[in-house]
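Colleague: I am new to this structure and would like to learn how to read it. Could you take me through it step by step?

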Amino acid sequence: MGTMVLSGHYKNEQEAVWAFADGQIWAYSGNKTILYSGHSKLGGKIPVSNGLSKTISKDLKKRGFKYVGEVTIYSHLQACGIINDHDETCPCYERINAANPTVNKRKDMEVY
């Protein structure tokens with residue numbers, strides 16, 4: 001979380017970061033892991049950002065966070081299992097999907 005900086009008082013900064021990390025980010029996906037159509041079939045071509053990461057980035061910047069660009073946010077969404085871009089033959093694909101409910105969605109303004 002070191003890249004997420006909130007301007008203001010330390011107590012408010014700490015509370016804002018923990019509230020975000022402790023579940024608010026999952027609300028953007030309806031508390032489900034997102035499987036975007038065709039991501040796992042792109043032959044290793046995985047987006048660096050998309051519409052969801054752009055939306056979250058803008059929202060966090062409005063709240064005073066810094067260094068939360070859409071590429072950083074997309075990476076975070078992948079790391080915490082909100083977006084599963086693993087190939088369907090990868091063992092991680094099933095492990096991530098088993099951890100949370102999933103939802104299939106169409107591609108969303110991907111940047112490669």
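**Reading burial, cores and patches**

Modeller: Gladly! Gly30 makes a good start: its relative accessible area is 44%, so Gly30 is partly exposed. Please keep in mind that this is a predicted model.

Colleague: Where is Gly30 placed?

Modeller: Gly30 sits in the loop between helix 1 and strand 2. Sequence and space can also be read side by side: Gly30 and Val103 are 73 residues apart in sequence, and their C-alpha atoms are 9.0 Å apart in space.

Colleague: Now the interior. Which residues have the most contacts inside the largest nonpolar core?

Modeller: A nonpolar core joins buried residues through their side-chain atoms. Here the largest one has 14 residues, and Leu52, Ile56, Leu60, Ile73 and Leu77 have the most contacts inside it. At least two residues of this core come from each of helix 1 (10-27), strand 2 (33-36), helix 2 (51-62) and helix 3 (70-79). Beyond its neighbours within four places in sequence, Leu77 touches several residues, including Ile25, Leu52, Ile56 and Ile83.

Colleague: Which residues of helix 3 are buried?

Modeller: Buried means under 20% relative accessible area. In helix 3 that applies to Ile73, Tyr74 and Leu77. Looking down the axis of helix 3, its buried residues fall within an arc of 100°, so they line one face of the helix.

Colleague: And Val71, is it buried or partly exposed?

Modeller: Val71, also found in helix 3, has 42% relative accessibility and therefore counts as partly exposed. Together with Val48 and Val111, Val71 makes a nonpolar surface patch of about 200 Å².

Colleague: What follows helix 3?

Modeller: Gly81 does, with a positive phi near 85°.

Key
Residues numbered from 1 in each chain as written. Predicted model: local features only at pLDDT ≥ 70, side-chain atom pairs only at ≥ 80, totals over all residues. Heavy atoms only, no water. Core = buried A, V, L, I, M, F, W, Y, C linked by side-chain atoms within 4.5 Å. Buried < 20%, exposed > 50% of the residue type's maximum accessible area, 1.4 Å probe, protein only. Helix = DSSP H or I, 4+ residues; strand = E, 2+ residues; numbered from the N terminus. Contact = heavy atoms within 4.5 Å. Arc of directions from axis to C-beta. Patch = residues over 30% accessible without salt bridge, like charges linked within 9 Å, V, L, I, M, F, W, Y side chains within 5 Å. Areas by Shrake-Rupley, 256 points an atom, 1.4 Å probe, with all protein chains shown as cover. Salt bridge = Lys/Arg side-chain N within 4 Å of Asp/Glu carboxyl O.
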